[in-house]
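Hi,

Here is the structure I said I'd pass along. Have a look, and my notes follow underneath.

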Protein chains: 2
Amino acid sequence: VRVLINRPGLLSFQKYYILISKSQIKLITGLQQKKYRDKSGLFVAEGPKVINELINAGLNLYLLFATEAIGSLAPDPELITHKELQKISFLKTPNTALAVFKIPKEQSIQESGMLLALDAVRDPGNLGTIIRLCDWFGIKQLVCSNDTADCYNPKVIQATMGSIARVQVNYTVLEEFLDSAVLPIYGAVMDGDTVYSKQLPSEGILVMGNEANGISSKVARHLDHRITIPGFGDNQATESLNVATATAILLSEFRRTTGM
Amino acid sequence: VRVLINRPGLLSFQKYYILISKSQIKLITGLQQKKYRDKSGLFVAEGPKVINELINAGLNLYLLFATEAIGSLAPDPELITHKELQKISFLKTPNTALAVFKIPKEQSIQESGMLLALDAVRDPGNLGTIIRLCDWFGIKQLVCSNDTADCYNPKVIQATMGSIARVQVNYTVLEEFLDSAVLPIYGAVMDGDTVYSKQLPSEGILVMGNEANGISSKVARHLDHRITIPGFGDNQATESLNVATATAILLSEFRRTTGM
């Protein structure tokens with residue numbers, strides 16, 4: 001029996017906790033793996049803030065569990081105990097709510113304005129931070145190589161803080177997309193022109209490479225402009241910036257120089 | 001009996017694995033906690049790259065364990081098995097080497113050039129990324145409020161990728177330091193002047209605030225200039241940038257505008 005709070009006839013202090021079924025636990029914990037996300041077309045988001053932003057953006061809610069009411073946007077959650085939440089949460093320290101959403105259908109890539117492209121960015125935390133940066137800088141289109149981390153990985157979803165709802169992410173064979181692209185293509189490399197002295201366009205594609213190896217040679221062939229963030233240390237031992245911080249600086253430069 | 005590789009009389013293929021003593025395991029695993037680091041004056045670093053950079057920077061090596069030789073800078077490690085390394089490692093996927101270093105004596109704060117100050121940055125990953133950024137942009141002095149994450153936390157050490165060796169980190173009562181500071185003080189806030197149109201100095205102090213609450217009121221009283229990174233999204237739902245990516249953008253702006 002599922003009883004929800006805030007229903008007519010129920011006083012607000014009456015809480016009826018439900019038990020999550022074994023099949024639900026199996027479904028939810030399985031969604032940590034990409035193959036089960038692909039198979040089911042579902043992904044997990046945790047915490048009232050992220051869940052509310054996804055609902056607000058029009059994503060399709062499939063399941064919602066919480067230890068307390070989570071805010072005005074969401075429908076009444078199915079109330080569970082903290083102990084039950086721990087069984088299904090991917091977080092070390094579970095929040096108060098966990099939702100399962102339907103993965104939206106992939107839209108075609110919109111080649112207009114500024115686009116960001118990722119070549120094999122593998123770390124989910126980096127991808128999540130980069131999606132949050134896209135949202136901040138008004139980048140609506142993120143194009144990822146097929147070997148980039150999956151944007152519906154729960155770690156990515158948490159790191160985006162809800163920004164995933166406002167950035168379109170596509171996975172494709174990156175070199176083929178760049179080969180047919182019309183906009184000028186900029187790539188972040190270690191030995192390019194300093195970005196501070198470059199004339200940057202208001203429309204273009206910025207390519208960021210893998211954490212360890214940078215942009216692959218297959219993708220690098222398509223770059224029209226190779227740009228670099230100059231270092232200022234005496235010591236040249238610092239090998240490189242983290243891909244997320246480098247993306248932050250470069251997107252800031254594109255937005256600053258082209259006016260707003 | 002401890003037998004090291006590459007010693008005269010030993011052929012290179014002769015490897016003698018030692019057993020780590022229980023007291024060493026207890027010491028090393030204890031160093032995950034700040035109170036044991038403070039008590040012993042020791043901290044842990046993992047992976048040949050980070051260990052070599054710390055040795056190169058002149059830090060005092062106390063213990064060195066590895067599953068194989070780790071490079072030219074380091075002395076011969078005590079060889080242990082991967083299974084033993086797992087017992088002492090803080091990483092989910094242990095690297096090939098773990099070292100214990102002595103925490104260097106805290107030097108007095110050098111108020112010259114650009115300084116970065118952190119007001120209660122709590123996440124070790126953020127602190128590590130910020131130390132790496134300081135190194136890249138030639139910031140030699142990082143001043144932290146006492147409630148900022150400890151820079152000898154193993155997660156910080158790993159995230160710095162060795163940069164901790166080239167950035168001086170001090171912990172202090174931040175508002176007292178700022179009260180007596182001579183250089184102009186800039187603070188990152190949500191409602192300040194856009195950083196892109198500000199005349200930035202080549203010498204100054206940039207203050208970054210806590211992940212959730214920004215700069216505290218006690219510290220904010222000392223700001224001479226309140227600066228903001230403007231967002232470019234239509235949707236104002238993006239609350240803020242992550243503190244590490246915001247630091248990246250602001251340090252880039254200071255370095256860009258003042259020439260190098």
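Chain A and chain B each put 36 residues into the contact (heavy atoms within 4.5 Å). About 3200 Å² is buried between the two chains, with 64% of that from carbon and sulfur atoms; buried area here is the accessible area (1.4 Å probe) the two parts lose on being put together, summed over both.

Bear in mind that this is a predicted model, where local features need pLDDT of at least 70 and side-chain atom pairs need 80 or more, while totals for chains, interfaces and linings use all residues. Residues count from 1 along each chain as written, chains are lettered from A in the order written, and side-chain values use heavy atoms, without hydrogens or water.

The rule turns up two salt bridges across the interface (a side-chain nitrogen of Lys or Arg within 4 Å of a carboxyl oxygen of Asp or Glu). One of them pairs A:Arg256 with B:Glu253, at 3.6 Å between the closest N and O atoms. On chain A's side, helices H3 (48-56), H5 (124-136) and H9 (243-257) each supply at least two residues, and H9(A) gives the largest share, eight. Helices are DSSP runs of H or I, at least four residues, and strands are E runs of at least two, numbered from the N terminus.

One backbone oddity: B:Ala120 isn't a glycine, yet its phi is positive, about 65°. B:Ala120 sits in the loop between strand E5 (114-118) and helix H5 (124-136) of chain B, and is buried at 7% relative accessibility (buried is under 20%, exposed over 50%, partly exposed in between; 1.4 Å probe, protein chains only).

Cheers
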